[in-house]
Amino acid sequence: MSTLAFSLIVISAVMHALWNLLVKRSRHKTVFIWWMFVASGGLFTVTLPLVPEPFRWPDPATLLLVAAGAVCFVLYHLFNGRAYRGGDLSMVYPLSQTSMVYVPVWGMSILGERLTTPGIAGIMLVILGAYSVQMERVSLGEFIRPFRNLGSSPVRNALAAGFIYSLGSIAEKTGVRHYSPLYFTYFLVLIMLGLMTLNLLRPCYRRHIAIELREHWRLILASGPVMMASFLTFRYGLNLSPMSYAVPVRQVSILVGVLIGILFLGEACGRIRLGAALVILAGALLIRLG
């Protein structure tokens with residue numbers, strides 16, 4: 001993995017952790033995320049005329065990939081939200097990270113990616129760290145606990161979220177191979193914003209739209225460049241590296257999230273969380289060497 005690709009994806013991971021921090025500080029999360037997409041989409045639209053890269057409309061195949069990626073990522077958030085309604089964070093979060101199990105499989109079997117031994121070892125470490133970050137104690141029973149009740153709705157929804165995210169990654173990687181990552185990201189944001197807008201037309205959300213803007217307009221304004229930077233750096237990095245490496249390396253955001261929680265939010269951080277975050281960092285460094 002090249003230094004440029006690795007650096008871009010790590011920057012994306014930092015920005016991803018920051019916009020998740022902004023979401024955490026909001027009141028109505030679904031509405032705030034919609035406002036974040038409004039802010040980033042508006043910033044995108046305003047700055048595009050200043051970009052030297054010439055614009056060209058995507059062909060039908062690329063537009064289909066953009067739409068497929070947008071649908072997958074919106075469904076990922078939908079299934080994740082449903083899982084959290086009835087399931088504990090320590091159960092739902094590790095299962096939603098199972099996308100990293102599928103991504104290398106899709107990368108090698110569908111996209112023809114070739115992975116090195118250090119790279120594969122790094123992916124395995126990232127998967128282990130991301131899965132373990134919410135464990136309450138070190139034991140076999142705690143490790144397999146999320147899989148104990150595969151028939152429950154939260155477990156099924158979390159597993160579905162992980163699987164759907166991996167499919168969205170295929171659409172992204174295929175799309176940025178033959179089309180500008182900048183404009184691919186722009187259309188992706190617009191389509192996701194459109195889908196989220198349809199969801200917010202429901203009565204249970206409409207009354208919160210103005211309230212959220214009034215209470216957290218500063219956070220919303222800050223979220224525009226943060227989300228835009230997160231999206232763009234990841235997709236440029238994805239264009240320069242195998243998907244099988246890019247998606248796991250972005251999990252460095254978990255390490256950043258742990259540090260933000262300790263330094264700025266006063267969260268207690270157990271040795272397991274910190275250890276898991278360091279395992280992710282070690283895995284990311286192995287992927288860089290690979």
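This section describes the overall fold of the predicted model, one helix pair, and two individual residues.

The protein contains 13 helices and zero strands. Read from the N terminus, the succession of elements is accordingly α-α-α-α-α-α-α-α-α-α-α-α-α. The radius of gyration is 19 Å, close to the 19 Å that the globule rule gives for 290 residues, so the protein is as compact as a globular protein of that length. The C-alpha trace spans about 55 × 45 × 40 Å along the principal axes. Of the 290 residues, 51% count as buried. Among contacts with a separation of 6 or more, 85% are accounted for by residues 24 or more positions apart.

One helix pair joins elements from distant parts of the chain numbering, namely helix 1 (residues 3-25) and helix 12 (residues 252-263). The axes of these two helices come within 8 Å and cross at roughly 45 degrees. An angle of 65 to 115 degrees would count as roughly perpendicular and one under 35 degrees as roughly parallel; helix 1 and helix 12 are therefore oblique to each other. The crossing of helix 1 past helix 12 is right-handed. On the side of helix 1, the contact is made by Ala-13, Val-14, His-16, Ala-17, Leu-18 and Leu-21. Helix 12 contributes Val-252, Ser-253, Val-256, Gly-257 and Ile-260. Sorted by class, the contact between the two helices comprises eight nonpolar and three polar residues, with no charged residues.

Two further residues were examined individually. Leu-75 lies in helix 3 (residues 60-86). The relative accessible area of Leu-75 is 31%, and this residue is partly exposed, since the partly exposed class lies between the limits of 20% and 50%. Leu-75 and Tyr-165 are separated by 90 residues in sequence, while the C-alpha to C-alpha distance between them is 8.3 Å.

Asn-157 is placed in helix 8 (residues 153-178). With a relative accessibility of 11%, Asn-157 counts as buried, because the buried class covers values under 20%. When residues up to four places away in sequence are not counted, Asn-157 touches Phe-79, Arg-82 and Ala-83. The two residues thus fall into separate accessibility classes, with Leu-75 partly exposed and Asn-157 buried.

Conventions. Residues are numbered from 1 along each chain as its sequence is written. This is a predicted model: local features need pLDDT of at least 70, side-chain atom pairs count only at pLDDT 80 or more; totals for chains, interfaces and linings use all residues. Side-chain values use heavy atoms; hydrogens and water are left out. Axes are lines fitted to C-alpha atoms, for helices over the stretch in contact, and angles run from 0 to 180 degrees between N-to-C directions. Helices (H or I, at least four residues) and strands (E, at least two) are DSSP runs, numbered from the N terminus. Angles under 35 degrees count as roughly parallel, over 145 as roughly antiparallel, 65 to 115 as roughly perpendicular and the rest as oblique. A crossing is left-handed if the near helix is turned anticlockwise from the far one by less than a right angle, and right-handed if clockwise. Contact means heavy atoms within 4.5 Å. Ala, Val, Leu, Ile, Met, Phe, Trp, Tyr, Cys and Pro count as nonpolar, Asp, Glu, Lys and Arg as charged, and the others, Gly among them, as polar. The radius of gyration is taken over C-alpha atoms; the globule rule is 2.2 Å times the number of residues to the power 0.38. Buried means under 20% relative accessible area, exposed over 50%, partly exposed in between (1.4 Å probe, protein chains only).
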